[in-house]
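Visitor: I am new to this structure. Please pick one part and take me through it closely.

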Amino acid sequence: MDRITEERRRWNMSRIRGRDTGPEKVVRSLLHRMGCRFRLYRRDLPGCPDIVLPKHRSVVFVHGCFWHRHARCRFSYTPKSRVGFWSAKFAENVRRDTRVRRALRNLGWRVIIVWECQTANPQVLVTKLARAFEQKERSRAGTHPVVGEKRRSCCCRAMAAADRQNHRSGVSF
């Protein structure tokens, strides 16, 4: 049973945006501060990714925990009214996400998923993104970085900054 009128519910749902959301802006801001350059919503790629980093051959999807069913997340609940409708909608969203990820990987793109709940802690998110890009660079070069080698790429600089920040604040991974 819904607590608000049908008109008010319709108005609420019409205000939910599919692009330029708050979590997307947080991720974009972090990537920009990391020195990464990117494009938004490239329609020539499957699924029209939220953020495309051509230099790293990576795409970033910023998923809402509710709509894309983040496993074991408290925001991934099912509404109590119209359960059949919501179950079918969520199942189709998950199937579409899987199809899109597979298509992008087949085209040689690395797919990074950032969940809405992960944007609450920017330090951890910067570390995750930097590690994902570093991992891609390692696999592309086929070697591991040499200890003591000067870090050159944007993600490596960001990761070094995140490591220093985490060391100062006592955060360990």
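Guide: Here is a close look at helix 4 and its surroundings, after a few words on the whole chain. Keep in mind that this is a predicted model.

Start with the overall layout. The protein chain has 173 residues, and 37% of them count as buried. Its secondary structure comes to 6 helices and 4 strands. Along the sequence, the order is α-α-β-β-β-α-α-β-α-α. Take contacts between residues at least 6 apart in sequence: 52% of these join residues at least 24 apart. The chain exposes about 11,400 Å². Carbon and sulfur atoms supply 53% of that area.

Now to helix 4. This helix covers residues 83–106, which makes 24 residues. How far apart are its end C-alpha atoms? They are 35 Å apart. At 1.5 Å a residue, the helix should span 34 Å, so the two values agree.

Next, its buried side. Which residues of helix 4 are buried? They are Trp-86, Phe-90, Asn-93, Asp-97, Val-100 and Leu-104. Look at the spacing of those numbers as you read the list. An α-helix has 3.6 residues a turn, so residues three or four places apart point the same way.

What covers these buried residues? The cover includes helix 1 (6–14) and helix 3 (65–68). It also includes strand 3 (58–63) and strand 4 (110–115).

Follow the chain past the end of the helix. Helix 4 is followed by Gly-108, which has a positive phi, near 95°. Strand 4 spans residues 110–115 and is part of the cover over helix 4. Is strand 4 itself mostly covered or mostly open? It is mostly covered, with 5 of its 6 residues buried.

Strand 4 also has a partner. Strand 3 and strand 4 run parallel, joined by 6 bridges. Within this pair, Val-60 stands opposite Ile-112 of strand 4. In a regular strand the side chains alternate between the two faces of the sheet.

One last stop: the cysteines. A search of the whole structure finds 0 disulfides. Cys-73 is in no disulfide, and the nearest cysteine sulfur, that of Cys-65, is 3.6 Å away. A disulfide needs the two sulfur atoms within 2.5 Å, so a pair 3.6 Å apart does not count. Why does Cys-73 count as buried? Its relative accessibility is 15%, and buried means under 20%. Cys-36 is buried as well, with a relative accessible area of 1%.

Methods. Residues numbered from 1 in each chain as written. Predicted model: local features only at pLDDT ≥ 70, side-chain atom pairs only at ≥ 80, totals over all residues. Heavy atoms only, no water. Helix = DSSP H or I, 4+ residues; strand = E, 2+ residues; numbered from the N terminus. Buried < 20%, exposed > 50% of the residue type's maximum accessible area, 1.4 Å probe, protein only. Contact = heavy atoms within 4.5 Å. Areas by Shrake-Rupley, 256 points an atom, 1.4 Å probe, with all protein chains shown as cover. Expected span 1.5 Å × (residues − 1). Pairing = 2+ DSSP bridges.
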